[in-house]
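Visitor: I would enjoy a close look at one part of this structure, with its surroundings filled in as you go. Could you walk me through it?

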Amino acid sequence: TESYFGQATLDLYEQLYLTAALRNDGSSAYSADERRSWFPKASAAWEFTRVLGQNPTLTYGKLRLAYGEAGQEPSPYLTSSTYQSNVPLSGITQGTGVLPVQNGLPGLATSIVRGADQLRPERSKEWEAGVDLGLFRDKADLSFTYYHTITDDVILLQPVAPSTGFFRSANNAAKFRNAGAEVSLNIRPITTPDFSWDIGLQ
């Protein structure tokens, strides 16, 4: 595995914060023409109370938006048909020809997983948006986040015809979608130099 990563940040007027990053990953676990992939990400956050001003009810406010892509590296050798020294099938193997040891001499048996002809990186793309609020002179804070993730080219082991001499082969065979929201509320009803009481809800 070989990776390169670059990131840039920008702070405008002490209220708008921008971040952009780019990552390039290389792995021999994929097909020869799919061994390098780009994964970008970017985020923006705006402290709008810097412009609108603070008041006794709203002492802090920030809007945020982010997008990012990430890859999942599969198990090694899924693109290669390999040999193994353990018993490939369960049950009785003596006399069946599938035991890698014959006449007391060690040997190898063909793996039941066929090497994939084409295997792309599993890629997740996530959007996230939210708001952070400081309330009642920082006696409480409220945070809300919405996220939406799509994962393409999920790598799964799929059955193949036994006539091929194998039982399974890895393929980019699925697509997942995940979305939801998170809300958290923290309240500090009592805060003194000697004692504090915090209540958190999520």
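Visitor: Which strand does a hairpin join to β10, and through how many residues?

Guide: Happy to take you there. A word on the source before we start: this is a predicted model. The hairpin leads from β10 to β11, and four residues make the connection. The two strands, with β11 covering residues 196-201, pair in the antiparallel sense over five bridges. One bridge to look for is that between Thr-191 and Ser-196, the latter in β11.

β10 itself spans residues 168-191, and β11 is one of several strands it pairs with. Strand β9, residues 140-159, runs antiparallel to β10, and 18 bridges join them. Within that pairing, Thr-151 has Phe-176 of β10 as its bridge partner. Strand β7, residues 113-114, pairs with β10 in the parallel sense, over two bridges. There, Arg-114 is matched with Ser-169 of β10.

To place this in the whole chain, there are one helix and eleven strands. Reading from the N terminus, the order is β-β-β-α-β-β-β-β-β-β-β-β. Sequence-distant contacts are well represented: of the contacts between residues at least 6 apart in sequence, 57% join residues at least 24 apart.

Next, follow β10 to Ala-170, which belongs to the largest nonpolar core. The other members of this six-residue core are Tyr-30, Leu-78, Ala-116, Leu-119 and Ile-155. In soluble globular proteins, nonpolar side chains tend to be buried together. Ile-155 makes a good vantage point here: beyond its neighbours up to four places away in sequence, it touches the core members Tyr-30, Leu-78, Leu-119 and Ala-170. Its contacts also include Pro-74, Arg-120, Glu-122, Asn-171 and Asn-172. Across the chain of 202 residues, 26% count as buried. The chain exposes about 13300 Å², with carbon and sulfur atoms supplying 56% of that area.

Thr-151, met above as the partner of Phe-176, also leads us to another strand. It is among the residues in contact with Arg-123, whose place is in strand β8, residues 122-135. Leaving aside neighbours within four places in sequence, Arg-123 also contacts Ile-150 and Asp-152, as well as Ser-37, Trp-38, Phe-39, Glu-69 and Ala-70. With Glu-69 there is a side-chain polar contact of 2.7 Å.

Staying with β8, let us turn to the aromatic rings. A search of the whole structure finds two aromatic pairs. In one of them, Tyr-67 and Trp-127 sit 4.6 Å apart centre to centre, and with 45° between the planes the pair is tilted. Tyr-67 lies in strand β4, residues 58-72, and Trp-127 in β8, so the pair ties together parts that are 60 residues apart in sequence. Both rings belong to partly exposed residues: Tyr-67 has a relative accessible area of 21%, and Trp-127 one of 47%.

Beside Tyr-67 in the sequence is Ala-66, also found in β4. Ala-66 counts as partly exposed, at 25% relative accessibility. From C-alpha to C-alpha, Ala-66 and Glu-128 are 5.1 Å apart in space, although 62 residues separate them in sequence. Not counting residues up to four places away in sequence, Ala-66 touches Glu-126, Trp-127 and Glu-128, together with Ala-42 and Ser-43. That takes us from the hairpin between β10 and β11 to the aromatic pair of Tyr-67 and Trp-127.

Conventions
Residues are numbered from 1 along each chain as its sequence is written. This is a predicted model: local features need pLDDT of at least 70, side-chain atom pairs count only at pLDDT 80 or more; totals for chains, interfaces and linings use all residues. Side-chain values use heavy atoms; hydrogens and water are left out. Two strands pair if DSSP finds at least two bridges between them. A nonpolar core is a set of buried Ala, Val, Leu, Ile, Met, Phe, Trp, Tyr and Cys residues joined through side-chain atoms within 4.5 Å. Buried means under 20% relative accessible area, exposed over 50%, partly exposed in between (1.4 Å probe, protein chains only). Contact means heavy atoms within 4.5 Å. A polar contact is a pair of N or O atoms within 3.5 Å; within protein, one must be able to donate a hydrogen and the other to accept it, and residues adjacent in sequence count only if both atoms are side-chain atoms. Accessible areas come from the Shrake-Rupley method with a 1.4 Å probe; for residues, only the protein chains shown count as cover. Rings of Phe, Tyr and Trp (its six-membered ring) pair if their centres lie within 6.5 Å; planes under 30 degrees apart count as stacked, over 60 as edge-to-face and the rest as tilted.
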